Amino acid sequence: MSSPNDHKPPSAASSDDLKGLTILLVEDSREVGEAVRKHLELLGARVAGPAATTAEAEGLLNEHPPDVALVDFHLREGERSDGLIARLRKRGVPVIMLSGSFEFPPLPSVEGATFLEKPISEAQLLAHLGPLAEKKATR
């Protein structure tokens, strides 16, 4: 039987919440990408990126096969990440799309991706990434 002290409240993240999880981070804003990377690393994740383009992301994908990808939809110079998302999904990599706006026509290439609108809180990230880290830890 567990005591109430055995569980952290959702807002009390620790440095091992995402331990062992490898995350591909695709974000065209250098400042946002670095902030997200540092935060994910503080939570225990290994982060490949941030990649600002799909070409950079493809390179990282081959070097560091991810458990999950956090992908901004709108990248540099009008580039969209829907092709990258389709390739990730085909490889079986769960994708969490991050964007300030999800105003675009339905795209079959992004079906199955989780959509989160920026700004994203730590609680939102942990709600989606925590179960993936727990699943990996039990393998």
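This short presentation covers one residue, one pair of helices and three backbone features of the structure above.

Good morning, colleagues. Please bear in mind throughout that the model is predicted.

I shall begin with Thr54. This residue is placed in helix α2, which covers residues 54–63. Is Thr54 buried or exposed? Its relative accessible area is 13%, and because the cut-off for buried is under 20%, Thr54 counts as buried.

What surrounds Thr54? Leaving aside residues up to four places away in sequence, Thr54 touches Leu75, Glu79, Arg80, Ser81 and Leu84. One of these neighbours, Glu79, also takes part in a polar contact: its side chain and the side chain of Thr54 are paired at 2.3 Å.

Leu84 leads us to the second topic, the packing of two helices. Helix α3 comprises residues 82–90, and its axis and that of α2 come within 10 Å. How do the two axes cross? The angle is roughly 20 degrees. Angles under 35 degrees count as roughly parallel, and therefore α2 is described as roughly parallel to α3. As to handedness, the crossing of α2 and α3 is right-handed.

Which residues form this contact? On the α2 side they are Thr54, Ala57, Glu58 and Leu61, and on the α3 side Leu84, Arg87 and Leu88. By character, the residues of this contact divide into 4 nonpolar, 1 polar and 2 charged. Thr54 thus appears in both parts of the account: it is buried, and it is among the α2 residues that meet α3.

I turn now to the backbone. As general background, most residues other than glycine have a negative phi, and most peptide bonds are trans. Three places in this model may be read against that background.

In strand β2, which spans residues 46–51, we find Pro50. The peptide bond leading from Gly49 to Pro50 is cis, with omega near 15 degrees.

Another cis peptide bond runs from Lys118 to Pro119, where omega is near -5 degrees. Pro119 is located in the loop between β5 (114–117) and α4 (122–137).

The remaining feature concerns Glu77. This residue is not a glycine, yet it has a positive phi of about 50 degrees. Where is Glu77 placed? It lies in the loop between β3 (68–72) and α3. Its relative accessibility is 84%, and since exposed means over 50%, Glu77 counts as exposed.

To close, I would ask you to retain two residues: Thr54, buried in this model, and Glu77, exposed and in a loop. Thank you for your attention.

Definitions and conventions:
Residues are numbered from 1 along each chain as its sequence is written. This is a predicted model: local features need pLDDT of at least 70, side-chain atom pairs count only at pLDDT 80 or more; totals for chains, interfaces and linings use all residues. Side-chain values use heavy atoms; hydrogens and water are left out. Helices (H or I, at least four residues) and strands (E, at least two) are DSSP runs, numbered from the N terminus. Buried means under 20% relative accessible area, exposed over 50%, partly exposed in between (1.4 Å probe, protein chains only). A polar contact is a pair of N or O atoms within 3.5 Å; within protein, one must be able to donate a hydrogen and the other to accept it, and residues adjacent in sequence count only if both atoms are side-chain atoms. Contact means heavy atoms within 4.5 Å. Axes are lines fitted to C-alpha atoms, for helices over the stretch in contact, and angles run from 0 to 180 degrees between N-to-C directions. Angles under 35 degrees count as roughly parallel, over 145 as roughly antiparallel, 65 to 115 as roughly perpendicular and the rest as oblique. A crossing is left-handed if the near helix is turned anticlockwise from the far one by less than a right angle, and right-handed if clockwise. Ala, Val, Leu, Ile, Met, Phe, Trp, Tyr, Cys and Pro count as nonpolar, Asp, Glu, Lys and Arg as charged, and the others, Gly among them, as polar.
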